[in-house]
Amino acid sequence: KTKMGSETLRRWLQSPTQRLDVLEARHRAVEVLSLPHNQELMASLREHLRFWRDPADLLKSFQGYSATVKHWQSLFQTLYTYPAIVDLCRKLEGGSGCACFARVGETFDEPRIAALFKTLHHAVDLP
């Protein structure tokens, strides 16, 4: 449902992995997300991901000096929702042992994300 998700799915379909461990991890993640007792966490994760934008795409607009108010708002929303997304993934990982969710928190440097969010919050007055 998201641009990032669509692109990832397209990449996986065009060039599927042949690594059994990667396939098993993906299947395990889908299994965990579809368990009835995880439906509330899944709904919350889905809600938070609605506001998530690909940071790499956002940063390209800032590097090219073509950033609009919408880009700033998207960056703000992405940084704002990040801690909640990491927390939800940790809850899913903790109850399932599924390593896919643990990698979400390992991918980003939380203190630096928090500092960037705080700086952006104080420096930019968004509508």
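I read along the sequence and got the pattern α-α-α-α-α-α-α for the chain. That makes seven helices and zero strands, where I take helices (H or I, at least four residues) and strands (E, at least two) as DSSP runs numbered from the N terminus.

Notes to self before going on. This is a predicted model, so local features need pLDDT of at least 70 and side-chain atom pairs count only at pLDDT 80 or more, while totals for chains, interfaces and linings use all residues. I number residues from 1 along each chain as its sequence is written, and side-chain values use heavy atoms, with hydrogens and water left out.

Next I looked up the extent: the C-alpha trace spans about 45 × 30 × 25 Å along its principal axes.

Then contacts (heavy atoms within 4.5 Å). Of those with a separation of 6 or more, 69% come from residues 24 or more positions apart.

On to burial. I find 21% of the 127 residues buried, meaning under 20% relative accessible area with a 1.4 Å probe, protein chains only.

I checked the largest nonpolar core too, a set of buried Ala, Val, Leu, Ile, Met, Phe, Trp, Tyr and Cys residues joined through side-chain atoms within 4.5 Å. It has 19 residues, and Leu45, Leu75, Cys98 and Phe101 touch the most other members. Helices H2 (20-34), H4 (55-63), H5 (69-96), H6 (99-107) and H7 (110-123) each supply at least two residues of this core. H5 gives the most, with eight residues.

Methods
Buried means under 20% relative accessible area, exposed over 50%, partly exposed in between (1.4 Å probe, protein chains only).
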